[in-house]
Amino acid sequence: MKSIIFLSIDGVLNTSYGTDNSLKTRGETHDGTGKPYFCPVACEHIGRLIEHYDTDIVLISNWADDFKSTKDVKLFFKNRGLNWPVIDKTSGSISKWMKSNGTPGKYVIITSDDTLLDFFPNQTVVTEDLSGFENRKLYRKAMNILKKEAIIEKEEVKEPEPKLF
């Protein structure tokens, strides 16, 4: 299985004060869906992780419920100029997703939800709502997680994991 980025949107790509804040305050959108622009620096960081570590994406946002299929998620990103390899979506438990789909050898969780640290302390990068994933230290942390050797023994998965919001 390829490496996976479990990716949230709010507080990661969709930030309060991303570098594109002037566009958001005017209410403009890129694709006409009413969804805000994403922070371009955060998107660049995700793109680099995908390219350098050959990763796929699983959308873990509550936005996942807005899409009928993974194809719709891919189109949503593509309409924003992001041709990312989205393989799945879930608004529920990452643990349940892994039980159904297998635990990837390498994975990183990029989210603003710090409760995921209780369940995946070595694989989670927690962003702040204001700056999201444009923070270079967080980008480096995600790189370091993906650089590590594949996890030989699977971490014990604690249940129940809270639903993302």
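**A parallel sheet and the helices across it**

Five strands of this predicted model form an open sheet in the order S3-S2-S1-S4-S5, and the pairing is parallel; strands here are DSSP runs of E with at least two residues, helices are runs of H or I with at least four, both numbered from the N terminus, and two strands pair if DSSP finds at least two bridges between them. The edges are formed by strand S3 (86-89) and strand S5 (124-126), each of which pairs on one side only. On average, and with direction ignored, neighbouring strands of this sheet are turned by 20 degrees against each other, where axes are lines fitted to C-alpha atoms, for helices over the stretch in contact, and angles run from 0 to 180 degrees between N-to-C directions.

Because the model is predicted, local features need pLDDT of at least 70 and side-chain atom pairs count only at pLDDT 80 or more, while totals for chains, interfaces and linings use all residues. Residues are numbered from 1 along each chain as its sequence is written, and side-chain values use heavy atoms, with hydrogens and water left out.

Strand S1 is joined to S2 by 5 bridges, the two running parallel, and Ile4 stands opposite Asp56 in S2. S1 also pairs with S4 in the parallel sense, over 4 bridges, and here Phe6 stands opposite Ile109 in S4. Ile109 in turn has Thr124 in S5 as its bridge partner, within a parallel pairing of S4 (residues 107-111) and S5 over 3 bridges. S1 is mostly covered, with 5 of its 5 residues buried, where buried means under 20% relative accessible area, exposed over 50%, and partly exposed in between, for a 1.4 Å probe and protein chains only. Ser3, Ile5 and Leu7 point one way from S1, whereas Ile4 and Phe6 point the other way.

Two helices can be placed against these strands. Helix H2 (residues 40-53) lies across strand S1 (3-7), strand S2 (55-59) and S4, running at about 135 degrees to S2, with contact meaning heavy atoms within 4.5 Å. Helix H3 (residues 70-78) lies across S2 and S3, and runs at about 120 degrees to S3.

How many disulfides does a search of the whole structure find? The search finds 0, a disulfide being a pair of cysteine sulfur atoms within 2.5 Å. The sulfur of Cys39 is 6.9 Å from the closest cysteine sulfur, in Cys43, which is too far for a bond. Cys39 is buried, with a relative accessible area of 0%, and Cys43 is buried as well, with a value of 10%.
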